[in-house]
Amino acid sequence: MTTLTVLPLLQTLREFARDPDLLHLHDPTATERQWTELITTDDLQIWLISWPTEAETGWHDHGTAGGAFTTIAGRLTEHSWDGAEHIRSIGTGDAWSFAPGHIHNVRNLGAVPAISVHAYSPRLTTMTRYQLSGSRIEAIGVEQAGVQW
Ligand SMILES: [Fe+2]
């Protein structure tokens, strides 16, 4: 009989992010964001993402998935929305998690490229895109796994 240990998402993320080889998987001179899917099961998806200076995701949620991310090089800035805008700075080694329904826009405002590791549970199947207009945010479309990414 196999015993399956299910770790909290943040702990699982930290285990994956510990691999020093992740720092060398992407081209550091790239001018667009780069993604590498590190693992995908129905219950867990982990991505490595690298961010040139000024790269950003745009406002989005993660469908039914909760998530966690950590920065392993550089610094990212997360703008999130829960009826008001909040700003969080995530420097190298910082990590945090969020529940399904979290809406954010992640940006590299730093002078050097950033690298981050992202975990989602369950795996990402949809992401709703949003537009922030003053003090309101509105959904502008839904992206589907296998279609838009
Ligand atoms: Fe996100």
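The following legends describe close-up views of a predicted model. Local features require pLDDT of at least 70 and side-chain atom pairs count only at pLDDT 80 or more, whereas totals for chains, interfaces and linings use all residues. Residues are numbered from 1 along each chain as its sequence is written, and side-chain values use heavy atoms, with hydrogens and water left out.

**View 1. The iron site and its histidine donors.** The iron ion has as protein donors the NE2 atoms of His 60, His 62 and His 104, at 2.1 to 2.2 Å. Donors are N, O and S atoms within 2.8 Å of the metal (3.2 Å for Na, K and Ca); water is not among the atoms, so sites may look incomplete. The donor residues follow the sequence spacing H-x1-H-x41-H. His 60, in the loop between strand 2 (45-51) and strand 3, and His 104, in strand 7 (residues 103-107), are 44 residues apart and link distant parts of the chain. Strands (E, at least two residues) are DSSP runs numbered from the N terminus.

**View 2. Burial of two donor residues, His 60 and His 104.** The relative accessible area of His 60 is 5% and that of His 104 is 3%. Both values count as buried (under 20% relative accessible area, 1.4 Å probe, protein chains only).

**View 3. Strand 3 and its pairing partners, strand 8 and strand 6.** Eight of the eight residues of strand 3 (residues 66-73) are buried, so this strand is largely enclosed by the rest of the structure. Strand 3 runs antiparallel to strand 8 (residues 114-121), with seven bridges; Thr 70 faces Val 117 across this pairing. Four bridges connect strand 3 with strand 6 (residues 95-98), also antiparallel, and Gly 67 has Phe 98 as its bridge partner there. Pairing requires at least two DSSP bridges between two strands.

Key:
Buried means under 20% relative accessible area, exposed over 50%, partly exposed in between (1.4 Å probe, protein chains only).
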